[in-house]
Amino acid sequence: MRMPLFRGMKRWGVLLSALLLSSLLLAACGGNSPSILNPSGPVALKESNLFWFILVVASIVFVVVEGLLIYSIVRFRERPNSPAAIQTHGNTTVEIIWTIVPSVFLFIVLIGTIYTMFGLKTFSSTGSPIQIKVVGHQWWWEFDYLNEHIVTADELVIPEGTRIVAQLQSNNVIHSFWVPELFGKTDVVPGHNNTSEFSADPGTAGKSFRGQCTEFCGLQHAHMNFYVIVKSQDDFNAWLTAQQQAAAANPAQQAALAGQKLFLGSGGCQGCHGIVGVNLQDYNHLKGGGDASVLVGPNLTHFGSRRQIAGAILQWDPASCVVVTGSDGQPKIENPGSCGLYQWLHDPQAVKPGNDMNIRTLSDTEIAQLIAYLESLT
Ligand code: CUA
C-alpha cells in the first residue's frame, strides 16, 4: 500500500507555519519589558549564563534527537514490497543506552544549576553592604534602610557596585521580589525571612530598573511594581543625607500649609501615612513591634523626591502637577489630566480597585492643597 506522502507534507506545512506565526506573535510581546537576557548586575549575569548553558545543552539534545527521528522517518519509510521492520522490543542494551544518555544530559544541567545557585552570593562589590528590609504590602513595596534609618516606597535607590542585602518580609500574603535585569525571583513569605543579595554593575549610575511582584497576591498583583534607581556613590550619599532630614514642621507656602492641615486633620492622611518631623517624631516611630512597619501606607517624609506612586502604576512630577491660583482665589491643578498624583488623590479606588486607600471624596481645591504640600516634601 502506498502512503499518501503529499497529504502528509501538507499537514506538516500547516503545522510549521502555525508554529512560525505564533513565535512571531510572541516575539512582539512587551518591547519595553525588562529582560533577564539583558543583565546589569553580577547576579543576573550568572543567571543568564545558566540560561544560555541550558539552552545549548537542550539545543544539542533537540538537534540530535530530531535529526535521528527525521532520518529514520525518511530512510526507513514504508516502500512497496519493503520487508517487515525488525522488532527491537526487549533489547536490554538499547534500553540501557537510552536511559543513561538522557540521564547524563539532565545531570549536566543539574550540576550547572546547583553550581550557579550556590555561587549566587559570591560576587565582588565595593564598600560595605547595605542592609535593606523589603516589605511586601498589598500592593506596594516598602524599602527600609536599616542602618541609614530611612524608609522609601516604590523606589529603591542604591549606589552602583555596592552589595545590597535585601531582607524580604511580609505580614500579609506571599509576594515575590524580582528585578529581571539585576536578580532572579525570591519569595516574600510571611513569618519566614528570605534574603536576596545583588548589586548593580559599576557604570549603571543614572539607570533605573523595573521590578515587579511575581507571586499572585490578590486583586492588584499585576500592579505591584517598583523601580531600582542606581546612583553614583557621591550622588547616593547626597541623596541619603537629604532623606535623613526631618520634614519642615510648617511649610512656607500658603497652599502647602493648608495641605498639611488636611494631612493632620481628623480622619486625615496621618491615620495611615507618616511624615517624620510632622506626625512622627523620628525614624524609630515608623516601627511597630512586629516584623513589618506599622504604617498602612507609604512613609511620605520625602515624597516630593519620588516619582512613582501606587506600586509604580502612576508617575508624577512637579512639572506636570503645577499648582496655580484659580479665579476663585483657591489653589488648583493647572492640568489635572497630566498629573498622576491628581488622578490618584481624586479617586484611588478607580485607579487601583481594592487598595487600602479608602478616602472620602476630596474637592479639587483640597487636592491642589495636598499636592502643594506633598511637593514641598523633597
Ligand atoms: Cu505582591 Cu503579587
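Two strands are said to pair if DSSP finds at least two bridges between them. Helices (H or I, at least four residues) and strands (E, at least two) are themselves DSSP runs, numbered from the N terminus. The model is predicted: local features need pLDDT of at least 70, side-chain atom pairs count only at pLDDT 80 or more, and totals for chains, interfaces and linings use all residues. Residues are numbered from 1 along each chain as its sequence is written, and side-chain values use heavy atoms, with hydrogens and water left out.

**Whole chain**

Begin with the entire protein, whose secondary structure comprises eight helices and 14 strands. Its radius of gyration is 29 Å, well over the 21 Å that the globule rule gives for 378 residues, so the protein is more spread out than a compact globule. That radius is taken over C-alpha atoms, and the rule is 2.2 Å times the number of residues to the power 0.38. Along the principal axes, the C-alpha atoms fill a box of roughly 100 × 45 × 35 Å. Of the 378 residues, 39% count as buried, that is, under 20% relative accessible area (1.4 Å probe, protein chains only).

**Helix α2**

Next, select helix α2 (residues 42–75), in which Val57 is found. Val57 is buried, with a relative accessible area of 9%. Leaving aside neighbours within four places in sequence, Val57 is in contact (heavy atoms within 4.5 Å) with Phe105, Ile108 and Val109. Then draw a distance from Val57 to Asn81: the two are 24 residues apart along the chain, and their C-alpha atoms are separated by 41 Å.

**Strands β6, β9 and β10**

Now display strand β6 (residues 175–179) with strand β9 (residues 208–213); the two pair in the antiparallel sense over two bridges. Select Phe177, whose bridge partner in β9 is Cys213. Add strand β10 (residues 225–231), which pairs with β9 in the antiparallel sense over five bridges. Here Phe209 stands opposite Val228 in β10.

**Cys213**

Finally, centre the view on Cys213 in strand β9. Cys213 is buried, its relative accessible area being 5%. Show as sticks the residues in contact with Cys213 beyond four places in sequence: Trp141, His175, Ser176, His221 and Met224. Label Lys185 as well; Cys213 and Lys185 lie 28 residues apart along the chain, with their C-alpha atoms separated by 8.8 Å.

Methods. Buried < 20%, exposed > 50% of the residue type's maximum accessible area, 1.4 Å probe, protein only.
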